[in-house]
Amino acid sequence: MPTSHPGSDTATSSASANPASPKIQEKLTPTQLVFLIKIILVAALGGLLFGYDTGVISGAIGPIAQYFDLSAAEKGWAVSSVVIGCIGGALIAGRLSIAYGRKAVFMLSALMFTASALGSGLASTFDAYIWWRILGGIAVGMASVMAPMYISEMSPGYMRGRTVSLFQQSVVFGQMVVFFVNYFIAKGMAETWILNHGWRWMLGSEAIISILFAVLIPFVPESPRWLVLKGRYEDARKVLARFYQGDAIDRTLGEIQQSFKHSESKRNVSLRSKGMLGLVAIGIFIAAAQQLTGINVVMYYAPDVLSTVTSSNEDALLQTSIMGVTFVAGNLLGMLLIDKVGRRPLLIAGSLGSIVGMTFLGVVIGNGEPGISALIALIVYVVSFAISWGCVCWTLVSEIFPNAIRARAMSLAVASQWLLGFIVTQTFPMMRQSDFLNDLVGGGFSFWLYAVLTFLSLLVVLRYVPETKGKTLEELEGITGTRLSKRRRRLARQGLPLTTE
């Protein structure tokens with residue numbers, strides 16, 4: 001029986017069933033490309049809000065901790081509470097998108113972003129602040145599932161790596177913007193003003209972007225793959241006509257319908273079914289391993305870390321802003337390379353660089369050396385992460401799952417990522433302030449731990465993660481499980497059809 005990956009009973013697309021079938025359309029016309037860029041930029045605003053919402057706390061956490069007189073554990077909770085919301089938002093995003101569509105989830109997240117920004121900025125108690133931040137986390141979780149999935153579903157295979165990487169670019173751009181916003185809000189202001197009012201302006205400033213997002217969402221089309229799932233074939237055809245011409249429209253529509261035919265006979269394809277479970281597991285790993293590198297520590301605690309080796313909090317915020325610019329530049333480099341050199345080479349090279357950066361940072365922090373050394377270590381780490389786990393992770397998790405399970409599997413993978421993010425974010429200040437760990441191995445322990453975890457993640461990448469560049473989503477249904485099956489790897493090496501299992 002034909003399969004889309006080892007042992008799966010999900011239908012393959014016509015493209016994967018027949019490797020010799022012609023490509024649908026090699027290049028978009030200039031008009032089609034402009035249209036694609038417009039809708040992707042709107043969707044990428046979800047990523048920008050993701051980055052802004054998670055990055056804003058880096059400049060605000062110091063004053064918040066003083067304002068509410070927080071302990072080390074409470075300080076971790078003030079930062080990581082947003083991640084709890086992210087887990088919930090990621091878990092519900094897939095189901096909501098199946099029931100109501102991608103655009104509806106975008107709009108809901110935009111409204112939540114706005115409410116959270118204003119509510120947390122006006123919070124008079126620590127509990128109120130926490131609840132508003134959790135609400136914002138739900139919005140982040142939904143956006144972190146919907147934006148890359150929507151961009152992936154709207155993009156042709158030959159440029160999907162770059163377009164989905166634009167989501168990560170928007171995340172890091174949002175973080176860079178808020179680093180500068182935090183810096184200029186604090187610049188030249190008295191410490192007492194920052195303590196009582198500055199952090200409120202930092203948190204509330206996000207509402208400007210979230211309102212813009214809500215205004216623009218009605219102008220983008222719904223995903224043609226969701227329209228096919230709901231049986232709205234003519235509507236899907238109209239959307240596809242904006243990207244394809246002539247017979248290519250019918251062929252693309254036919255492949256999408258073919259990929260969904262099993263889910264039409266059964267309401268849900270089980271994520272635990274034969275062949276699916278391994279694919280879901282590797283998707284969860286890819287998403288979760290991004291957090292094991294320690295990126296949330298860098299994004300959330302950079303000013304706090306740098307303030308220990310700089311002369312003032314303002315200098316720490318400035319150095320964090322420089323790091324944000326570096327992050328954007330590194331991610332841009334990843335975008336330019338991902339569809340040329342592939343996903344796996346970037347993951348391998350970037351992981352090695354991240355290990356070096358984190359190891360060096362641990363040495364610098366442990367020795368209490370001047371801030372320039374810490375900044376250099378952070379820049380090495382950030383560039384390495386940006387070209388690898390930063391842009392590659394979101395591309396892979398948006399493209400390796402078959403149409404029939406993509407929304408639910410992405411929700412589970414992204415929720416797992418946020419769960420690991422919560423653990424990392426919550427435990428970091430506790431490890432840094434642990435007298436036992438500091439006496440035993442010094443202040444660099446946590447950074448060395450992230451270096452070791454990155455190395456272990458690299459070993460899994462080398463063994464199991466497939467290369468996916470240049471294929472349509474429907475074609476990938478026939479190849480993404482190859483590295484998970486010894487028999488499929490043997491058949492691939494021998495040049496035999498993968499559908500003989």
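This is a short walk through the structure above, from the overall picture to single residues.

Keep in mind from the start that this is a predicted model. The protein averages a pLDDT of 78, and 80% of the residues score at least 70. Two stretches fall below 50. One of them is residues 263-267, which has 4 contacts in the model beyond near neighbours in sequence. Another is residues 496-501, with 22 such contacts. Keep these stretches in mind as you turn the model around.

Now look at the whole. The secondary structure comes to 22 helices and 0 strands. Of the 501 residues, 60% count as buried. How do the contacts spread along the sequence? Take the contacts with a separation of 6 or more: residues 24 or more positions apart account for 81% of them.

Let us pick out some helices, beginning with α2, which covers residues 30-55. This helix has 26 residues, and the distance from its first C-alpha to its last is 35 Å, close to the 38 Å expected at 1.5 Å a residue. Follow α2 along and you will find a kink of about 25 degrees, centred on Ala43. Is α2 mostly enclosed or mostly open? Of its 26 residues, 19 are buried, so the helix is largely enclosed by the rest of the structure.

Next comes α4, residues 72-100. With 29 residues at 1.5 Å each, α4 should span 42 Å, and its end C-alpha atoms are 41 Å apart, which agrees. This helix has a kink as well, of about 45 degrees, centred on Val79. Just after α4 stands Gly101, whose phi is positive, near 100 degrees.

On the other side of α4, in the loop between α3 (57-67) and α4, you will find Asp69. What is notable about its backbone? Most residues other than glycine have a negative phi. Asp69 is not a glycine, yet its phi is positive, near 55 degrees. Asp69 also counts as exposed, because its relative accessible area of 65% is over the 50% cut-off.

Now turn to the aromatic rings. A search of the whole structure finds 16 aromatic pairs. One of them joins Phe106 and Tyr150: their ring centres are 5.6 Å apart and their planes lie at 80 degrees, so the pair is edge-to-face. This pair links distant parts of the chain, with Phe106 in helix α5 (residues 102-122) and Tyr150 in helix α6 (residues 126-154), 44 residues apart. Are these two residues buried or exposed? Both Phe106 and Tyr150 are buried.

Another pair, Phe126 with Tyr129, is stacked, with 6.0 Å from centre to centre and 15 degrees between the planes. Here both partners lie in helix α6, 3 residues apart, about one turn of the helix. Phe126 is buried, with a relative accessible area of 15%. Tyr129 is buried too, with a value of 0%. These two rings also belong to a cluster, in which ring pairs link Tyr67, Phe68, Phe126, Tyr129 and Trp199.

A ring can also have a charge as its partner. The charged end of Arg242 sits over the ring of Phe35, 3.8 Å from the ring centre.

We finish with two residues from later in the chain. Which parts of the protein does Asn331 touch? This residue is found in helix α15 (residues 313-341). Asn331 counts as buried because its relative accessibility is 0%, under the 20% cut-off. Leaving aside neighbours within four places in sequence, Asn331 is in contact with Ser165, Gln168, Gln169, Val172, Ala386, Gly390 and Cys391.

The other residue is Gly366, which lies in helix α16 (residues 343-367). Gly366 counts as partly exposed, because its relative accessibility of 38% falls between the cut-offs of 20% and 50%. Not counting residues up to four places away in sequence, Gly366 touches Gly443 and Gly444. Look also at Phe445: Gly366 and Phe445 are 79 residues apart in sequence, while their C-alpha atoms are 8.0 Å apart in space.

Key: Residues are numbered from 1 along each chain as its sequence is written. This is a predicted model: local features need pLDDT of at least 70, side-chain atom pairs count only at pLDDT 80 or more; totals for chains, interfaces and linings use all residues. Side-chain values use heavy atoms; hydrogens and water are left out. Rings of Phe, Tyr and Trp (its six-membered ring) pair if their centres lie within 6.5 Å; planes under 30 degrees apart count as stacked, over 60 as edge-to-face and the rest as tilted. Helices (H or I, at least four residues) and strands (E, at least two) are DSSP runs, numbered from the N terminus. Buried means under 20% relative accessible area, exposed over 50%, partly exposed in between (1.4 Å probe, protein chains only). A charge sits over a ring if NZ of Lys or CZ of Arg is within 6 Å of the ring centre and within 35 degrees of the ring normal. pLDDT is the predictor's confidence in each residue, from 0 to 100. Contact means heavy atoms within 4.5 Å. The expected span of a helix is 1.5 Å times one less than its number of residues. The bend at a residue is the angle between axes fitted to the seven residues ending there and the seven starting there.
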